[in-house]
Amino acid sequence: METNTVQTVTLTNSIIGVGILSMPFCFQRCGIVLSIVLLLLSSYVTRLVCSYMVKSAIISRRKNFEQIAFYAFGSGGKLLVELCVVGYLLGTCIAYFVVVGDLGPQITAKILSMHESDSLRTWVMIVVTIVCIIPLGMLRNVDSLASVCTASLGFYLCLVLKVVSESSVKFQHTGWFDRLDLWNWSGILQCMPIFTMALSCQMQIFEVYATMPTTSLDKMSRVIRQSTNICTMIYVAIGFFGYVAFNGHRFSGNILVDFTPSFASDIIKMGFVLSVAFSFPLAIFPCRVSLYSLLYKRASDGHMYIPESKFRPLTIAIVVVALIFGLLIPSIEVVIGLVGSTIGVAICLIIPAACYMTICKTNISEKQIAQVMIAFGFIIMVLGTYANLQAIDRIEVLA
């Protein structure tokens, strides 16, 4: 029986990303039980929307998101998807750079016995870009990253173990559970977009689908289900144990910053920086395809080979733009929250469901569910954006 392990590992790594660092923050804001409910809901919505995308591709005989939108809504739909995909994936790349900027200087300063500074942050991000991100971004096939993705998942598991270790001290104290919130409605609007973005894989779905030896809806659905289940379990573990470990004081969206200083903490931080750098190409691939389609290719066929004369400049442009914004934005939860509640909701939920409603002519019950997904997406977009803008105001006041 074909297991498609490579595709599951690749998709899992493309999902997990930097959203894992914000899970304890979300568990603190929403409470344990509500956070788990929201994660399970986000996982279900992701699987449902991804199945809509694959079904739409099969029905329309198109090979990527842009061409599906063109089939459903014409050139206007294709243009909207291209703009949203580029914006969303650039936001993802910016979040990656913010994490590198948070952790890289700490590691470098300790190794070289230097003082942390803004200039050190800048140089670390530039060096990581030149040494890791650009060379990996030049690859044409995500299948070549399978071994790297496996290693990255290993680092994420080490992060889980480290957070469990940090929380072990709190478990020894009596009454630790009484100090935890189980259900807190006040954080749901800010955190729901973060959960949704943290479990999204819609942008990478067709890149992974193309690497399967034999493609079918059932096999791809199994890959999506396995990947989202793995990520959900990891997020629950990180969120719960991280909340227990650092309960009692306010912490940011990057849990690694709050780790107790130790050799193990430094190794985890270094491993996460490398994992983020190696995950970068999984965001660059679909972003580059959409940007090429937006700028150069106006035809409606599904073939999308990027010539070398355009391939390298587009890759460098994506990386440089993300690097510049990463240098300017210091807060990971701001990036994830705002991107998730605006472009993220549109491209990961509303547009795929709308495309499926238009393309599918037979399954009435699924089309009705798609209508519910669209309404749900608009609610998250409006209320989630408002809540995250309010959170930015609070951060500025505290600063």
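## Spaces, core and one buried residue in a predicted model

Helix H6 gives the largest share of the lining of the second largest pocket, namely 6 residues. The structure is a predicted model, and the description below starts from this pocket before turning to the cavities, the core and one residue in a helix.

The second largest pocket holds about 280 Å³ of space. It is lined by 15 residues, of which Gly-104, Thr-108, Val-124, Val-128 and Val-273 are the closest to its centre. At least two lining residues come from each of helix H5 (75-112), helix H6 (118-137) and helix H11 (263-295).

Besides its pockets, the structure has 3 cavities of 30 Å³ or more, and the volume of the largest cavity is about 210 Å³. Among the 21 residues that line the largest cavity, those closest to its centre are Ser-14, Ile-15, Thr-92, Tyr-96 and Met-197. Two or more residues of this lining are given by each of helix H1 (5-16), H5, helix H8 (188-198) and H11, and the largest share, 5 residues, belongs to H5.

The table sets out the two linings by class of residue.

| Space | Nonpolar | Polar | Charged |
|---|---|---|---|
| Second largest pocket | 13 nonpolar residues | 2 polar residues | no charged residues |
| Largest cavity | 13 nonpolar residues | 8 polar residues | no charged residues |

The next topic is the nonpolar core. In soluble globular proteins, nonpolar side chains tend to be buried together. Here the largest nonpolar core has 130 residues, and the members that touch the most other members are Ile-20, Phe-65, Leu-159, Met-220, Tyr-235, Phe-272 and Ile-347. H5 supplies the largest share of this core, with 18 residues. Ile-20 can serve as an example: when residues up to four places away in sequence are not counted, Ile-20 touches Tyr-156, Leu-159, Ile-234, Tyr-235, Ile-238 and Phe-272.

The last topic is Thr-315, which has its place in helix H12 (residues 308-328). Thr-315 counts as buried because its relative accessibility is 1%, and the cut-off for buried is under 20%. Its side chain makes a polar contact of 2.7 Å with the side chain of Arg-288. If neighbours within four places in sequence are left aside, the residues in contact with Thr-315 are Gly-137, Met-138, Ile-284 and Arg-288. Arg-288 therefore appears twice in the description of this buried threonine, once as a polar partner of its side chain and once in its list of contacts, while Thr-315 itself is buried at 1% relative accessibility.

Methods
Residues are numbered from 1 along each chain as its sequence is written. This is a predicted model: local features need pLDDT of at least 70, side-chain atom pairs count only at pLDDT 80 or more; totals for chains, interfaces and linings use all residues. Side-chain values use heavy atoms; hydrogens and water are left out. Helices (H or I, at least four residues) and strands (E, at least two) are DSSP runs, numbered from the N terminus. Buried means under 20% relative accessible area, exposed over 50%, partly exposed in between (1.4 Å probe, protein chains only). A polar contact is a pair of N or O atoms within 3.5 Å; within protein, one must be able to donate a hydrogen and the other to accept it, and residues adjacent in sequence count only if both atoms are side-chain atoms. Contact means heavy atoms within 4.5 Å. On a 1 Å grid over the protein atoms alone, a cavity is a set of points where a 1.4 Å probe fits but cannot get out, and a pocket is an open set with protein on both sides within 12 Å along at least five of seven lines; lining residues have an atom within 4 Å of a point. Grid points are joined across faces, edges and corners, and a volume is the space filled by probe spheres set on the points. Ala, Val, Leu, Ile, Met, Phe, Trp, Tyr, Cys and Pro count as nonpolar, Asp, Glu, Lys and Arg as charged, and the others, Gly among them, as polar. A nonpolar core is a set of buried Ala, Val, Leu, Ile, Met, Phe, Trp, Tyr and Cys residues joined through side-chain atoms within 4.5 Å.
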